[in-house]
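Please open the model in your viewer and keep the selection panel at hand. The stops below say what to select next and what is there.

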Amino acid sequence: MACLEGINDKMCVVLDSPAFIKNKLSQVLVTLIYFEYPLIWSSVFVDFLPHLSKGAVVIDMFSRLLNALDDELVSLDYPRTAEEVAVAGRVKDAMRNQCVPQIVRAWYDIVSMYRNTDPETCVTVLDCMRRYVSWIDIGLIVNDAFIPLLFELILVDGLSEQLRAAAAGCVLAVVSKRMDAHSKLSLLKSLQISRVFGLVSDDNDSDLVSAIAALITGYAVEVLECSKRVNTEDAKVISMELLDEVLPTVFYVMQNCEMDAAFSIVQFLSGYVATMKTHSSLQENQMLHISQILEVIRTQIRYDPMYRNNLDMVDMIGVEEESRMLEFRKDLFVLLRNVGRVAPEVTRLFIRNSLASAISSSSDKNAEEVEAALSLLYALGETMSDEAMRVGNGLLSELVTNLLSTRFPCHSNRLVALVYLETIARYMKFIQENVQYIPLVLAAFLDERGIHHPNIYVSRRASYLFMRIVKLLKSKLVPFIETILQSLQDVVGRFTSMNLASREPGGSEDGAYVFEAIGLLIGMEDVSLEKQSDYLSSLLTPLCQQVEVTLMNAKALNPDESSLQIANIQQIIVAINALSKGFSERLVTSSRPAIGHMFKQTLDVLLQILVVFPKVEPLRTKVLSFIHRMVDTLGASVFPYLPKALEQLLAESE
């Protein structure tokens, strides 16, 4: 059937049938081979070979048989039972002894004969051969006949792309074959792979370019592996020369071509950078490679502009793309850290130049480039010790100055705005030592780049980071308290004004960070008692008044109004709670009891909530957490208030 023989004087038509029938026939043959080759039916392959001269139909069937044998039995890409592994070993041994040389000879003859007339058949044969290279004698392929033929197919311009790509796939199989490191190195050197480098710059989307890109990256991986495993000085030198030759093309491929999924850019580059750690000083070409690796990292971490709107609106596609990139970037930033250790100066200069180029070409259109440059700067900050950041060399102060004094046109972009603020926060240890930058930091957080950014996600994050910065700089901010409070007036006003309807629902937590920052600022002993009382009273008085008014009118409210008022009271308690975190027990009890008195009055007001709304669980929880805060803030002087509080809390308690 498989060889177009007549059966009972009738021609068999299986080979004219659809592909799935021919595949089924090849599986039947493989099943017979499984049970009967070589002991019972020893001549199966030898019987097939003479029929190949009948042309493409039989050649195609023979290739299907060999492919099915690989899929069903030999290939280790699929899980195998112990019995299958044993049978595969038996079949391969028998084929090696009996017919592999003849099969390889047939492949060579077919490809030589049909390359111009029937490229499709040649592609079928080469794709089949590629699967077998890993376990047949490599000398059958690596010789003066077959390797030149494969390279000729790859390099001749007029041939079909599929045929050239299939030939490249076979050379990749040769390159990837497992063998002793010294033999592998000689093989790799003999291939003169640089012949194919020019082909990747053609049309980046074609099958051929993808196949050549896979060949070049596969070759580079093998050379790198050899450089680690060879143990003579000569061999190490050769492997480094081959690596230097291939790397520029590998970098080009990484940035411009569709990558083969099996090739991990990060894994390969990390391996290469690891080899540099053993050198005491880097040579010029290695420095060049480092710069190219950094360029690859920058290209790889850039978001695709097609997702810009999704990422800005945070829709489902945007959320997916952002979490995919977060995951994808992790390894790239680890690589960046490793490069930074091997060549710190080159890395810093690269990041400086990335930022400078993002600043100079900044427009709405290049949000992704700006975001990538800022992310690199953030990642650089992560690699620096606190000590290095405090001391801060000349380059660091230039970077921070550029960062703080730039207003990017794409600042309205959510990702740019977020990474900008995160990066400033990352370099705060440097700013702590260089207080001349504080006004610039405050401006960034308090204007429309931060807390007043139109995007709610940005303004929320800015509020939280600002609170962290206040915690860090504390007394250094005393001269700026008036300015800060002035800038935050509208945020505070949303809580202290009587116009409750204007408040955004769910915004209480953002307000909490702003109030906590204000509490940390005005709760310092460096602020005079008079000013401290004024500041605190200007915040607590209107907040408490709103609670009192609401409690007085509670009975007159309909259910909708009531739930709105309850939500507002919750926000107010959250704000007061956060504000109180900045005041220490020592300050409010011993050094400035007048301040403590203001908090006691506030506690008095808030305890009324439990009387008026005894069964509203969220309110009870918020009041309870405020009592906890007051235990921390007022210490023992909170005792007189506890009986009343506990009486209310226990009365309606579960």
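The tour goes from an annotated region to one helix, then to the cysteines, and ends with the salt bridges.

**Stop one: the annotated region.** Before selecting anything, bear in mind that this is a predicted model. Select residues 18–170, which an unreviewed UniProt entry annotates as "domain: Exportin-1/Importin-beta-like". Over this stretch the chain is 71% helix and 0% strand, and the C-alpha atoms at its two ends lie 28 Å apart.

**Stop two: helix 5.** Within that selection, pick out residues 100–114, which form helix 5, a run of 15 residues. From its first C-alpha to its last, helix 5 reaches 21 Å, close to the 21 Å expected at 1.5 Å a residue. Now show the side chains of Val100, Ile103, Val104, Ala106, Trp107, Ile110, Val111 and Tyr114, which are the buried residues of helix 5. They cover an arc of only 155° around the axis, and therefore sit on the same side of helix 5. To see what these buried residues pack against, add helix 3 (56–74), helix 4 (82–98), helix 6 (119–132) and helix 7 (146–155) to the view.

**Stop three: the cysteines.** How many disulfides does a search of the whole structure find? The search finds 0. Cys99, for instance, is in no disulfide, and the nearest cysteine sulfur, which belongs to Cys128, is 12 Å away. Cys99 is buried, its relative accessible area being 0%. Move next to Cys128, whose sulfur has its closest cysteine sulfur in Cys170, at 9.3 Å, and is therefore too far away for a bond, given that a disulfide requires the two sulfur atoms to be within 2.5 Å. Cys128 is likewise buried, with a relative accessible area of 0%.

**Stop four: salt bridges.** Side chains of opposite charge can pair when their charged atoms come close. In this model the count comes to 30 salt bridges, and a few of them are worth selecting in turn.

Begin with Glu222 and Lys184, whose side chains meet in a salt bridge at 2.7 Å, N to O. Because Glu222 lies in helix 10 (residues 207–229) and Lys184 in helix 9 (residues 181–190), the pair ties together parts that are 38 residues apart in sequence. Glu222 counts as buried at 15% relative accessibility, and Lys184 is buried as well, with a relative accessible area of 4%.

Stay on helix 10 and select Glu225 and Lys228, which form a salt bridge at 3.9 Å, N to O. Both residues lie in helix 10, 3 residues apart, or about one turn of the helix. Are these two side chains buried, exposed or partly exposed? Glu225 is partly exposed, with a relative accessible area of 31%, and Lys228 is partly exposed too, at 45%.

Then select Glu371 and Arg329, whose side chains meet in a salt bridge at 2.6 Å, N to O. This pair links distant parts of the chain, with Glu371 in helix 17 (residues 367–383) and Arg329 in helix 15 (residues 316–342), 42 residues apart. Glu371 is buried, with a relative accessible area of 5%, and Arg329 counts as buried at 8% relative accessibility.

For the last selection, show Arg407, Asp447, Glu448 and Arg449 together, since salt bridges that share partners join these residues into one network.

Conventions. Residues are numbered from 1 along each chain as its sequence is written. This is a predicted model: local features need pLDDT of at least 70, side-chain atom pairs count only at pLDDT 80 or more; totals for chains, interfaces and linings use all residues. Side-chain values use heavy atoms; hydrogens and water are left out. Buried means under 20% relative accessible area, exposed over 50%, partly exposed in between (1.4 Å probe, protein chains only). Helices (H or I, at least four residues) and strands (E, at least two) are DSSP runs, numbered from the N terminus. The expected span of a helix is 1.5 Å times one less than its number of residues. The arc is that of the directions from the helix axis to the C-beta atoms. Contact means heavy atoms within 4.5 Å. A salt bridge is a side-chain nitrogen of Lys or Arg within 4 Å of a carboxyl oxygen of Asp or Glu. UniProt positions are given in the numbering used here, feature names are shortened, and annotations may be inferred rather than shown by experiment.
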